[in-house]
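Q: Can you walk me through this structure? I am new to it, so please spell out the terms as they come up.

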Number of protein chains: 2
Amino acid sequence: MTKYHNILKVKRLGINTRQEHIIFMREDCGVCKSEGFSALSRVLVTNGSKSLVATINSVRDGLLKDGEASLSESAWHELKVKEGDFISLSYFPPLESLSKVRAKLFGNPLSKSDFQSIILDIYRGRFSNIQLAAFVSGCVGERLSLNEIIFLTEAMVEAGERIKWYKEIVVDKHCVGGLPGNRVTPIVVSIVAAAGLTIPKTSSRAITSPSGTADTMEVMTAINLSLQKMKAVVEKTNGCIVWGGAVNLSPADDLIIRVERALDIDSEGQMIASVLSKKMAAGSTHVVLDIPVGTTAKVRSQKAAQEMKRKLEAVGHAIGLKVKILITDGSQPIGRGIGPALEAKDVLAVIRNSADAPNDLLEKSLLIAGAILELAKCCEPGRGIEEAKKILLSGKAEEKFFSICEAQGGFREPPQAKFTHEVYSEYEGIVKTIDNRRLSMIAKLAGAPHDAAAGIELFVKIGTKISKKEPLYRIHAESKGVLEYALSYERSQKDIFRIEE
Amino acid sequence: MTKYHNILKVKRLGINTRQEHIIFMREDCGVCKSEGFSALSRVLVTNGSKSLVATINSVRDGLLKDGEASLSESAWHELKVKEGDFISLSYFPPLESLSKVRAKLFGNPLSKSDFQSIILDIYRGRFSNIQLAAFVSGCVGERLSLNEIIFLTEAMVEAGERIKWYKEIVVDKHCVGGLPGNRVTPIVVSIVAAAGLTIPKTSSRAITSPSGTADTMEVMTAINLSLQKMKAVVEKTNGCIVWGGAVNLSPADDLIIRVERALDIDSEGQMIASVLSKKMAAGSTHVVLDIPVGTTAKVRSQKAAQEMKRKLEAVGHAIGLKVKILITDGSQPIGRGIGPALEAKDVLAVIRNSADAPNDLLEKSLLIAGAILELAKCCEPGRGIEEAKKILLSGKAEEKFFSICEAQGGFREPPQAKFTHEVYSEYEGIVKTIDNRRLSMIAKLAGAPHDAAAGIELFVKIGTKISKKEPLYRIHAESKGVLEYALSYERSQKDIFRIEE
């Protein structure tokens, strides 16, 4: 279709619209009026070889002169424009792929090429927030068949960059999440890399939780590494722990996750596609996946875990990944900290073989690392945990962790929050259950993960004997406002800890 | 839950974010940092007794001083702030109703109170675009049961204002749409009001079509009437034809329609709720509904029409409306014009009893007006059309139409577009089919409804005998750019008109 270009000069207003591409134009702008752009809601914006589709927000005079336009920060960076550059605007036909999204919403199955066209358009920044939300909504729950999950996964792998390591075995691990404090990754990577395996770990930021591995690592070292920089780290140390979004391995996925966060939705199909596409894109061959099960974990029953296991295995097989799936105990948080910095402190205690290291985090890390060692045939079957323990106790994992941090940009100790407040038990007895979800909510209300030092420091586990007025946990926060907010929620809740005699 | 207020001074930047409420704040704003607002993505903004939830967009210094914030135009108007006013910010707990939206996406049925809480939050401006899109997506196609459509309709009626007319019978009409040029409403209102019935007609703007009745009326008179003004018009003339959005009868519905437009989705359940809630809110008691059926109309088969009829009758009955449903021919456009001004010209030709008035528009108008007269027992059964024709031919409908326009703010003749281009037949023969959808697309690409004079002027109907190189239709546009754009689409399409010997 013919395109009619028009030129506007860009002025930076520095408006951060949370990743949605917006172009700000004057309502009475001559170029817009003469070409009828004001009749449109979205327009194709081009700078040299780069282009994207932006939603038009009109501004009154004052902010912009006639002939000027501005771009949201995400569009500004994506188009790589500089102050005073000229951009061209063109008409943009209705997105073909949006008809596929509509078909999905109306209950029709999508083909591989349907998913390819959707993911490609998302990757190119052509979906608005509203359109992304419709796609996410169409893929929720049981709405994606196993075949569709495979198609989506393949489409996501194809849309991003893909790393070649020129090694026979490249290992990886992932936890499907939902368990606060479950921060085994930095420990596992250190053990496995110390064993000589290649483990180029890319992690996510939190979607609906108080911290993701990327958030936790960020308090100790740089995680926004380019693909090139990440490769250098892995070549030097066998491993890395970086943010997946920065290396652009599954860029469409990052946009989808942002919308899932706004809706507080964790969609199984999207999750499987997200996880396995990232593994493929990272060049992995052997992957250990952890599914914690508990009434307040993301996966609530053995049945659901088995179902998820079946799908993960099938999708992994379809795309050529060797996967080993562990179903683990998700009845309570792992470690003591919940929130980026507090979890980092737990990680460091285990890595450093400190006497007060949380034992559950230690054991879970050895379990996962052991499974990887076995899957990669680095040890005999059944000897993985033992081998992992040996490496950790020897100090080689510690050494490896700090050399990875050093290679990523230098290590720093986790920060301490400005304000803390202890919450006491109202009962005497034994802790019977701990509500992962509501503890996570308190940590989030206290500012995690945005405020890295915010979160919860947990003093009890299931089975702990506690007296009245003994502290259950301590809330950490960076301002009195958020601390009070978290506390007012805490006070409104009953039985986050069930304590019985 | 306790709220922690903080005060910022508002500065108007005049940014129109297409109805989404946005608050612009400096990243380093003292108030935001001390209270941790920057950890949030959305915040409750209050001015006196008015409040709304806005999404936070951060701006770099320059645009705003420390202690200042700005609001998108929609939020500015909603909160009724003035330059330099002080607004307070507070934490806003996660929307309870969003968990209902998630439940719907996961396939669970919703209760009446679920719909009430969702619609109330939408009405209060608490849903972001992403959240609105998820709700719309969850209600698409067969996903709403008949009971749910009833609940949704009731919730929408309750959320808006509701007019009392203190009359036993208040009539109304609606067409479920999808047929270009089908602009019978102004004619029907004029006839029916001339017959002495009360018909306070509120109409929509186009959702996915080149024009809605509100768009067409707007080229002839004011349609943005307040509820009070609308009442005055009806008291004086028995009728009115105003924009439903302005009288705030179903405000949640207008927000939902904006999102449907961005997704190019027409959802049956939402449509039924939207239509019938507006009728109830407008105080109507007797309503005639028109379902045009055609392979390229919105409703494509008699079966689908019967299904829709069944649902409309059931929902109408449940909420206490007397409805009469007509299933009509939707195989081709009605009248000659497609687009606001071109349709207005057709309407005026019929109203004025012009010799060249399009006969199909005339007959369809008499059919609908006749059905209303019969439903309201203004004439004997079977005599409605005859009675309607008498009123039209007498000139009383014309007189009524102009007195309504006068009361709404004065009549003006429809404008003429700057550019036109005729499209010629490539074949000789008889017109067998006309593609409503692709003709609508051309009219939209030519700028309709945003450019009121833009659209299509149709010269043939099904059955017309045409020679090679005779004109099929004329495109009207306000700029060469859009005209070329519409033409390039036209050239890429085959058989919008099927012509056979």
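Q: Let's begin with strand 13 of chain B. Which way do strand 13 and strand 16 of chain B run against each other, and over how many bridges?
A: Strand 13 of chain B is joined to strand 16 (residues 455–458) of chain B by 2 bridges, and they run antiparallel. Strands, of at least two residues (E), and helices, of at least four residues (H or I), are DSSP runs numbered from the N terminus. Two strands count as paired if DSSP finds at least two bridges between them.

Q: Before going on, what kind of model is this, and how is the numbering done?
A: This is a predicted model, where local features need pLDDT of at least 70, side-chain atom pairs count only at pLDDT 80 or more, and totals for chains, interfaces and linings use all residues. Residues are numbered from 1 along each chain as its sequence is written, while chains are lettered from A and ligands numbered from 1 in the order in which they are written.

Q: Back to strand 13 of chain B. Which residue stands opposite Ile338(B)?
A: Ile456(B), in strand 16 of chain B.

Q: What sheet are those strands in?
A: An open sheet of 4 strands in chain B, in the order 13-16-18-14, with antiparallel pairing. Its edge strands are strand 13 (337–338) and strand 14 (419–424) of chain B, each pairing on one side only.

Q: What lies across it?
A: Helix 17 (residues 436–445) of chain B lies across strand 13, strand 16 and strand 18 (471–477) of chain B. Helix 17 runs at about 130° to strand 16 of chain B. Angles run from 0 to 180 degrees between N-to-C directions, and axes are lines fitted to C-alpha atoms, for helices over the stretch in contact.

Q: Where is there a parallel sheet in chain B?
A: Strands 8, 11 and 12 of chain B form an open sheet in the order 8-11-12, with parallel pairing. Strand 8 (171–175) and strand 12 (322–329) of chain B stand at the edges with a single partner strand each, so one side of each has no neighbour in the sheet. On average, neighbouring strands of this sheet are turned by 20° against each other, direction ignored.

Q: How many bridges are there between strand 11 and strand 12 of chain B?
A: Strand 11 (residues 286–293) of chain B pairs with strand 12 of chain B over 8 bridges, in the parallel sense. Val287(B) stands opposite Val323(B) there.

Q: And which helix lies across that sheet?
A: Helix 14 (residues 359–375) of chain B lies across strand 8, strand 11 and strand 12 of chain B, at about 150° to strand 11 of chain B.

Q: What does strand 6 of chain B pair with?
A: Strand 1 (residues 6–10) of chain B pairs with strand 6 (residues 68–71) of chain B in the parallel sense over 2 bridges. Strand 3 (residues 22–26) of chain B pairs with strand 6 of chain B in the antiparallel sense over 3 bridges. Lys9(B) stands opposite Glu68(B), and Met25(B) stands opposite Ala69(B).

Q: Changing topic: how are chain A and chain B related?
A: A rotation of 180° with 0.0 Å of shift along its axis superposes chain B on chain A, with an RMSD of 0.0 Å. The two copies are thus related as by a two-fold rotation axis. The superposition is by least squares on the C-alpha atoms of residues with pLDDT of at least 70 in both copies. Of the residues of chain B, Ile130(B) comes closest to the axis, its C-alpha at 2.6 Å.

Q: How many residues are in the contact?
A: Chain B gives 55 residues and chain A gives 55 residues. Contact means that the C-beta atoms of two residues, placed from the backbone, lie within 7 Å. Helix 5 of chain B gives the most to its side, with 7 residues.

Q: Why do the copies meet through the same surface?
A: Because 100% of the interface residues of chain B are also interface residues in chain A.

Q: Which strands join across the two chains?
A: Strand 5 (residues 50–59) of chain A and strand 2 of chain B run antiparallel, joined by 2 bridges. Ser58(A) stands opposite Asn16(B) in strand 2 of chain B.
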